[in-house]
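The following exercises are to be worked with the sequence and the three-dimensional model at hand. Each task is followed by a solution in steps.

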Amino acid sequence: MAPNFPDAGSAALFQQIQGILHQARRPLVLTGAGLSAADTAGSGGLGTFQDSESPWIKARDPAWGSTAALKRDPTRFWTWGLELLDAVAASRSGPLPGHEALARWMAGHGDRRLITQNVDGLHRRTLRSVGVDPQDRILEIHGTMDHLRCTACRRQRALPARAELRPESPPTCLACGHLLEPAVVWMGDLLDESQLQQAYAWTEAADAALVIGTSGNIQPVGDLPRRIAGRGHPVIVVDPDPTAFMGIATHRIIGSASEVLPTLLHT
Ligand SMILES: [Zn+2]
C-alpha cells in the first residue's frame, strides 16, 4: 500500500519510483541535514542547519566553527564543541527509520552507494548494524564528528569518551602535541581530494540518484545529481520542502525521510 503523497500523484507512480530504485544497477543516494532532522524531530534531535536553537548554526559561522576559532580560544571552542557532540549523541538515541531503511536497502547490494553531507556518523552506524562494512559504500564528504583531527599533522584518532573531553584542557595530538578538532570540513575549507575524486567516480558510474533532505545549495554535493540527470538518468528527490533540485528531478516525493523511506525502499 503506497502512501498518499501529493506529488507522487498516485499509487502507480509511487510504485514506478520503487521500480526505478529496485532496477537501477548503480543507484547513488545523497543525503543532507534534512534526513537527520526529520528522523529525530521531537526526540531532542539534531536540528537542521537552519534551526537557530541548534548548536549546528554556529558550525556555519567561522567565528565558531573553524580551526582559527579553535586556535584563538580553545576553551570557548570546546565548550561549544561539547554541545555539538551532545547533540549528535541525542540524535543517536531516537528512532532512525530513514537511516535504517536505507541501510537495509543497501545491504546485499554492493553497488548501492551513499554520499552524505551529514557529520553525525549515523549512516555508518546503521549500515554496520545490518552487517555491512561501510568502507567503499559510504562517503562522509564533510567529515565526521566520530573522530578528532590534529590541526597540525592532520592525524586522526577516535573520539575519546565524553568524560575525557574538558573545555578547560582541550584535547591535543598524541604525536605532535598540537590542538585537536572534530574531523569535519569547516565552512570555507577544502574537501579531502581523495574523497572528492571518489564522489565523482561514483557519480559517473551511477544510473539513478536518490536525493534526500539536502537543499542542493552546498557544493559539490549540489552538483552531483545534475551530472547524473545530465546523462539522462532518473533523479528522485525526497524532501518536505522545495530544493535546488526541482529543475532536474524526474520524480519528487514530498515528505520527510522517516515518513517516506521505509515504504519507498521496502521490497
Ligand atoms: Zn599532530
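**Exercise 1.** How many bridges join strand 4 to strand 6, and in which direction do the two strands run relative to each other?

*Solution.* The model under study is a predicted one.
Step 1. Locate strand 4 at residues 143–150; 5 bridges join this strand to strand 6, and the two run antiparallel.
Step 2. Inspect one opposed pair: Cys150 faces Leu180 of strand 6.
Step 3. Place the pair in its sheet, which is open, has 3 strands in the order 5-4-6 and shows antiparallel pairing.
Step 4. Identify the edges. Strand 5 (156–158) and strand 6 (180–184) each have a single partner strand, so one side of each lacks a neighbour in the sheet.
Step 5. Add the twist, which averages 45° from one strand to the next.

**Exercise 2.** Determine the strand order of the sheet of 6 strands, and state which strands stand at its edges.

*Solution.*
Step 1. Reading across this open sheet gives the order 3-2-1-7-8-9, and the pairing is parallel.
Step 2. The edge positions belong to strand 3 (138–140) and strand 9 (251–253); each has a single partner strand, and therefore one side of each is left without a neighbour in the sheet.
Step 3. From one strand to the next, the twist averages 15°.
Step 4. Examine the pairing at one edge: strand 8, residues 235–238, runs parallel to strand 9 and is joined to it by 3 bridges. Within this pairing, Ile236 lies opposite His251 of strand 9.

**Exercise 3.** Describe how helix 6 and helix 10 pack, and classify the residues of their contact.

*Solution.*
Step 1. Two quantities describe a pair of packed helices: the angle between the axes and the distance between them.
Step 2. For helix 6 (residues 97–106) and helix 10 (residues 257–264), the angle is about 25° and the axes are 7 Å apart.
Step 3. Angles under 35 degrees count as roughly parallel; helix 6 and helix 10 are therefore roughly parallel to each other.
Step 4. The crossing of helix 6 and helix 10 is left-handed.
Step 5. Helix 6 contributes Pro97, Gly98, Ala101 and Leu102 to the contact, and helix 10 contributes Ala257, Ser258, Leu261 and Pro262.
Step 6. Sorted by class, the contact residues comprise 6 nonpolar, 2 polar and no charged.

**Exercise 4.** Summarise the protein as a whole: how many helices and strands does it have, and what percentage of its residues count as buried?

*Solution.*
Step 1. The secondary structure amounts to 10 helices and 9 strands.
Step 2. Of the 267 residues, 42% count as buried.
Step 3. Among contacts between residues at least 6 apart in sequence, 68% join residues at least 24 apart.

Notes:
Residues are numbered from 1 along each chain as its sequence is written. This is a predicted model: local features need pLDDT of at least 70, side-chain atom pairs count only at pLDDT 80 or more; totals for chains, interfaces and linings use all residues. Two strands pair if DSSP finds at least two bridges between them. Helices (H or I, at least four residues) and strands (E, at least two) are DSSP runs, numbered from the N terminus. Axes are lines fitted to C-alpha atoms, for helices over the stretch in contact, and angles run from 0 to 180 degrees between N-to-C directions. A residue is buried if 20 or more other C-beta atoms lie within 10 Å of its own, exposed if 12 or fewer, and partly exposed in between; C-beta atoms are placed from the backbone. Two residues are in contact if their C-beta atoms, placed from the backbone, lie within 7 Å. Angles under 35 degrees count as roughly parallel, over 145 as roughly antiparallel, 65 to 115 as roughly perpendicular and the rest as oblique. A crossing is left-handed if the near helix is turned anticlockwise from the far one by less than a right angle, and right-handed if clockwise. Ala, Val, Leu, Ile, Met, Phe, Trp, Tyr, Cys and Pro count as nonpolar, Asp, Glu, Lys and Arg as charged, and the others, Gly among them, as polar.
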